[in-house]
Amino acid sequence: MRRAIFPGSFDPLTLGHHDIILRGITLFDELIIAIGENSEKKYMFSLKERTKFIKEAYKNEPKIKVLTYKGLTVDFCQKMEANFILRGLRNPADFEFEKAIAHTNRKLSEIETVFLLTSSGKSYISSSIVRDVIRNGGDYTGLVPDSVRTS
Ligand code: ADP
């Protein structure tokens, strides 16, 4: 069984994540979307809301599971018996950041990180931009899946 973890904050889920998820599931038998709980981070959406948006978006995808985790991603992978971490790359800044994390994870475990490049037209989308649009009362609906609604 080829099982991968797609870890992230998903604050909130965006069409950028969605693109990586839909393309990622074609590579694996099971994809666990793992929502990180970091007590040091301040989120716009609660863990419950972030989970609800993702569960709703993929309720008809039998290969996708949605779970939350705390601590190291590699420890969570080992617990779930997942051999792969899936991550998306938008730009050179993502690459530099992700490279350091992937090397560290390889040092700590045997887990391989698989990177997918963002589809053209999605690379500008980030959760932080979506949060900014929401905060300022803009129309965010073209940036997120339908399940992400603030009211
Ligand atoms: P984190 O806090 O771990 O960066 P995010 O929720 O911001 O969590 O991102 C989770 C994953 O989704 C990361 O691999 C990130 O690069 C990827 N991602 C986010 N937005 C996009 C996008 N527009 N296109 C491709 N990948 C994306």
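Begin by displaying the strands of the protein chain: five of them form an open sheet, with parallel pairing, in the order β3-β2-β1-β4-β5. The model on display is a predicted one. Next, select β3 (residues 64-69) and β5 (residues 112-117), which stand at the edges of the sheet. Each has a single partner strand, so one side of each is left without a neighbour in the sheet. When the view is turned to follow the strands across, the twist from one strand to the next averages 30°.

**One edge and the helix on the sheet**

Select residues 84-89, which make up strand β4, together with β5. These two strands run parallel and are joined by six bridges. One of the bridge partners may be picked out individually: F84 is matched with E112 in β5. Now add helix α1, residues 15-24, which packs on the sheet. Helix α1 touches β1 (3-8), β2 (30-36), β3, β4 and β5. The direction of helix α1 makes about 120° with that of β5.

**The whole chain**

Return to the full protein chain, which has five helices and five strands. Traced from the N terminus on, the elements run β-α-β-α-β-α-β-α-β-α. The C-alpha atoms fill a box of roughly 45 × 35 × 30 Å along the principal axes. For 151 residues, a compact globule would have a radius of gyration near 15 Å, and the chain agrees with this because its own value is 15 Å.

A surface display may be switched on at this point. The accessible surface comes to about 8700 Å², and carbon and sulfur atoms account for 51% of that area. Of the 151 residues, 43% count as buried. How many of the contacts between residues at least 6 apart in sequence join residues at least 24 apart? The share is 77%.

**Aromatic pairs**

The structure holds four aromatic pairs. Select F28 and F84 to see one of them, a tilted pair with 5.4 Å from centre to centre and 45° between the planes. This pair links distant parts of the chain, since F28 lies in the loop between α1 and β2 while F84 belongs to strand β4, 56 residues apart. Are F28 and F84 buried or exposed? Both F28 and F84 are buried.

Then select Y69 and F76. The ring centres of Y69 and F76 are 4.9 Å apart and their planes lie at 20°, so this pair is stacked. Y69 and F76 are likewise both buried.

**Backbone details in two loops**

Move to the loop between β1 and α1, where P12 is found. The peptide bond joining D11 and P12 is cis, with omega at about 0°. The loop between β1 and α1 also contains F10. Although F10 is not a glycine, its phi is positive, at about 50°. F10 counts as buried because its relative accessibility is 2%, and the limit for buried is under 20%.

Finally, select E81 in the loop between α3 (73-80) and β4. E81 also has a positive phi in a residue other than glycine, near 55°. Is E81 buried or exposed? With a relative accessibility of 62%, E81 counts as exposed, a class that begins over 50%.

Conventions
Residues numbered from 1 in each chain as written. Predicted model: local features only at pLDDT ≥ 70, side-chain atom pairs only at ≥ 80, totals over all residues. Heavy atoms only, no water. Pairing = 2+ DSSP bridges. Helix = DSSP H or I, 4+ residues; strand = E, 2+ residues; numbered from the N terminus. Axes fitted to C-alpha atoms, helices over the stretch in contact; angles between N-to-C directions. Contact = heavy atoms within 4.5 Å. Rg over C-alpha atoms; globule rule 2.2 N^0.38 Å. Buried < 20%, exposed > 50% of the residue type's maximum accessible area, 1.4 Å probe, protein only. Areas by Shrake-Rupley, 256 points an atom, 1.4 Å probe, with all protein chains shown as cover. Phe/Tyr/Trp six-rings, centres within 6.5 Å; stacked < 30°, edge-to-face > 60°.
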